[in-house]
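Q: Please take a close look at a single strand of this model and at what surrounds it. A connected account would be preferred to a list.

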Amino acid sequence: MSHLTGSSRIIVEVETSPGSGTFAADGRLRADRVELCSDDGLATAQVAVRLGDDFDAIDAVQRYHPDCRIVVRADDTDAGRALFDGYPLVRRSLRDGNPDRPRDEFTLSLTSVYARLATDERRWVYGRRMRNGAILDGLATSPQEFASKSVLVE
């Protein structure tokens, strides 16, 4: 188990395109909060997006697509290990038009990969091939005959 030190730097990475599995650090993102629970499916995170003259809320909506994973890491954790791995569930934009108090904010509320996969019916597995009791029994008596057998289980 890795522990964060006072000198740990938090890095937020974004998938380069939906489903690519390739991530790049994004200096515009700051992890404000990561909540981990005993059940990985309940993990959430809050990430702030730095806006500017060259990158506004419209750019943020286009860049931080709901199907692009976002990973939060500490630079001193074990290689490849993430503090949080999930998807933008809610994208919020706050605009304050008062010229004396310029306040444009954009935040991402993230949900864990597990939570998203568990609640999105398109990603449910309805059946898979595996060994049933008859095959397991057959392996004990005739391993060669049953070694490559499986049945569809729903």
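The request and the account that follows concern strand E4 and its surroundings.

Q: Where does strand E4 (residues 44-49) sit, and which residues and elements surround it?

A: The model is predicted, so local features are given at pLDDT of at least 70 and side-chain atom pairs at pLDDT 80 or more, while totals for chains, interfaces and linings use all residues. Residues are numbered from 1 along each chain as its sequence is written, and side-chain values use heavy atoms, with hydrogens and water left out.

The chain has four helices and nine strands; helices (H or I, at least four residues) and strands (E, at least two) are DSSP runs numbered from the N terminus. Their order from the N terminus is β-β-β-β-α-β-β-β-α-β-α-α-β. The chain has 154 residues, of which 30% are buried; buried means under 20% relative accessible area, exposed over 50%, and partly exposed in between, with a 1.4 Å probe and protein chains only.

E4 is mostly covered, five of its six residues being buried. Strand E3 (residues 29-35) pairs with E4 in the antiparallel sense through six bridges, where pairing requires at least two DSSP bridges between the strands. In this pairing, Val-34 is opposite Ala-45 of E4.

Gln-46 also belongs to E4. Its relative accessibility is 14%, so Gln-46 counts as buried. The side chain of Gln-46 makes a polar contact of 3.2 Å with that of Ser-109. A polar contact is a pair of N or O atoms within 3.5 Å; within protein, one must be able to donate a hydrogen and the other to accept it, and residues adjacent in sequence count only if both atoms are side-chain atoms. Leaving out residues up to four places away in sequence, Gln-46 touches Arg-30, Ala-31, Asp-32, Arg-33, Arg-92, Thr-107, Leu-108 and Ser-109, contact meaning heavy atoms within 4.5 Å.

E4 also takes part in the largest nonpolar core, as do E1, helix H1 (57-63), strand E5 (70-74) and strand E7 (103-112), each with at least two residues. A nonpolar core is a set of buried Ala, Val, Leu, Ile, Met, Phe, Trp, Tyr and Cys residues joined through side-chain atoms within 4.5 Å. This core has 18 residues, and those touching the most other members are Leu-29, Val-49, Tyr-64, Leu-108 and Leu-110. Beyond its neighbours within four places in sequence, Tyr-64 has contacts that include Val-49, Leu-29 and Leu-108, as well as Val-14, Phe-55 and Pro-88.

Val-49 is also among the residues nearest the centre of the second largest pocket, together with Arg-30, Ala-48, Arg-50 and Leu-51. On a 1 Å grid over the protein atoms alone, a pocket is an open set of points where a 1.4 Å probe fits, with protein on both sides within 12 Å along at least five of seven lines; lining residues have an atom within 4 Å of a point. The lining of this pocket comprises 13 residues, with E3, E4 and E7 as the elements giving two or more. E7 contributes the most, four residues. The space in this pocket is about 200 Å³, a volume being the space filled by probe spheres set on grid points joined across faces, edges and corners.
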